[in-house]
Protein chains: 2
Amino acid sequence: MRKVFQAELHQIGEGLIEISALVEEAVSKASAAFAAADLQAAQEVIAADARIDFLQNDLDERAIDVLALQGPVASDLRMIVGSLRMSASLERMGDLARHIAQLTRLRFPNTVIPAQLRETFAELARQDIIIAAKVSELLESRNLELVADISTAKIEINKLHKSVFATMASPEWAETPATTVDVTLASRYFERFGDHGVSVARKVSYLVTGEWQPEDFLAG
Amino acid sequence: MRKVFQAELHQIGEGLIEISALVEEAVSKASAAFAAADLQAAQEVIAADARIDFLQNDLDERAIDVLALQGPVASDLRMIVGSLRMSASLERMGDLARHIAQLTRLRFPNTVIPAQLRETFAELARQDIIIAAKVSELLESRNLELVADISTAKIEINKLHKSVFATMASPEWAETPATTVDVTLASRYFERFGDHGVSVARKVSYLVTGEWQPEDFLAG
């Protein structure tokens, strides 16, 4: 019985890693599509999100079955409840990558971001991709040094996000309102993606150490 | 034992109702503060959000204790896992009400929304308040007729949200970029608040009927 249970726990962990890998792929591809106004790639990200949703539902169902059949306690129980929460965060990261792809599709054949902010958005994307990659690695290795890296990336994202708003508030900003709307939404999507990554990292850290990281440390 | 368990389940249900009541208060007060540029009320909403976060953590801890100590199965188990998800959605609704209050504070003594969109935002707020009130009522009564009302309100919100974007894209829109940014974020906050309300409603419906409502029915 115990052996079956450990195998089931392991499978749930593997399920999270699989979803995280798809999220990583989604944000990389969505960011590239977004930067290059690549409609084909954007469509692929949008279509692929259904798979993430499916895997999340599937993982959640399995987790609930384990709760029902095994009645786990203590750290095993926390691991399963934590998995339900992490899968929800990962699913939301997938949605946000999809939103970035949808903005790309909406403005095709134009790019969403005007020239003066392209570098900033490239950096936002780069930091989100770092977060997604480190979250995958963290789920696999449970190496808590990665939590600090994720935190550092999020602090960077917060700065970039603020600088986007400062640029739009400056007297030199002469873009159309439609562009201002798009830039606002896009910056928010990249920023929220990072938040959910931090949230997964905090959960892993909690599961490993049994203690919550102070939120201001990680959210920056 | 069974009696203790039922009492604990009941307490978790009461906990959700309590959080939902605070969310309802938060969105009502935040909306009023937002419309009237009422700094005092905005500050109160921002301060009160910590209470919602605390109650959510507390409820989640109790739910996990029940899982550990009682090892519930079948519908009891689904109810507890559902509660963890609903508390997360309610907590997020509290955050979004806080974001609306924070925008109010940021632009004080000005109002955030320019005259031509004030009516639209009043209606967005009205629909969100309906959703919050009906979610509270639904958690209390489990009367599934309320789910359709919540769905109807969300369809209305989606229309209003789209009309805000259409207004900003029209050639007559002559507001500053800062206002365009604020309107974009505010509309998104009101819209996401409704999404989370729908998500809670779907969960209650699932717990009562054992079947998922198709998402397109509810998301409109």
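Across all chains of this predicted model, the count of aromatic pairs comes to 6. One of them brings together A:Phe34 and A:Phe121, whose ring centres sit 6.0 Å apart with 45 degrees between the planes, which makes the pair tilted. In sequence terms these two are distant, at 87 residues apart: A:Phe34 belongs to helix α1 (residues 2-36) of chain A and A:Phe121 to helix α4 (residues 115-141) of chain A. Both partners are tucked away from solvent by the numbers, since under 20% relative accessible area counts as buried: A:Phe34 comes in at 5% and A:Phe121 at 3%.

A:Phe34 also pairs with A:Phe190, and here the geometry is edge-to-face, because the planes meet at 70 degrees, with the centres 5.6 Å apart. This contact again links distant parts of the chain, as A:Phe190 lies in helix α6 (residues 177-209) of chain A, 156 residues from A:Phe34 in helix α1. A:Phe190 is buried too, with a relative accessible area of 0%. Put together, the ring pairs join A:Phe34, A:Phe121 and A:Phe190 into a cluster.

Next come the open spaces. The second largest pocket holds about 150 Å³. Helices α1 and α4 of chain A each supply at least two residues of its lining, with α1(A) giving the most, 6 residues. Among the lining residues are A:Leu9, A:His10, A:Gly13, A:Glu14, A:Met79 and A:Arg142. By character, the lining of this pocket splits into 5 nonpolar, 2 polar and 3 charged residues.

As for enclosed space, there are 2 cavities of 30 Å³ or more. The largest cavity has a volume of about 60 Å³. Its lining draws on both chains, with B:Ile64 listed alongside A:Arg78, A:Val81, A:Gly82, A:Arg85, A:Lys203, A:Tyr206, A:Leu207 and A:Trp212. Two elements of chain A, α3 (74-107) and α6, give two or more residues each to this lining, and α3(A) has the largest share, at 4 residues. The lining of the largest cavity breaks down into 5 nonpolar, 1 polar and 3 charged residues.

The second largest cavity comes to about 30 Å³. Chains A and B contribute matching positions to its lining: A:Leu67 and B:Leu67, A:Gly71 and B:Gly71, A:Pro72 and B:Pro72, and A:Leu77 and B:Leu77. Charge is absent from this lining, which is made up of 6 nonpolar and 2 polar residues.

Conventions:
Residues are numbered from 1 along each chain as its sequence is written. Chains are lettered from A and ligands numbered from 1 in the order in which they are written. This is a predicted model: local features need pLDDT of at least 70, side-chain atom pairs count only at pLDDT 80 or more; totals for chains, interfaces and linings use all residues. Side-chain values use heavy atoms; hydrogens and water are left out. Rings of Phe, Tyr and Trp (its six-membered ring) pair if their centres lie within 6.5 Å; planes under 30 degrees apart count as stacked, over 60 as edge-to-face and the rest as tilted. Buried means under 20% relative accessible area, exposed over 50%, partly exposed in between (1.4 Å probe, protein chains only). On a 1 Å grid over the protein atoms alone, a cavity is a set of points where a 1.4 Å probe fits but cannot get out, and a pocket is an open set with protein on both sides within 12 Å along at least five of seven lines; lining residues have an atom within 4 Å of a point. Grid points are joined across faces, edges and corners, and a volume is the space filled by probe spheres set on the points. Ala, Val, Leu, Ile, Met, Phe, Trp, Tyr, Cys and Pro count as nonpolar, Asp, Glu, Lys and Arg as charged, and the others, Gly among them, as polar.
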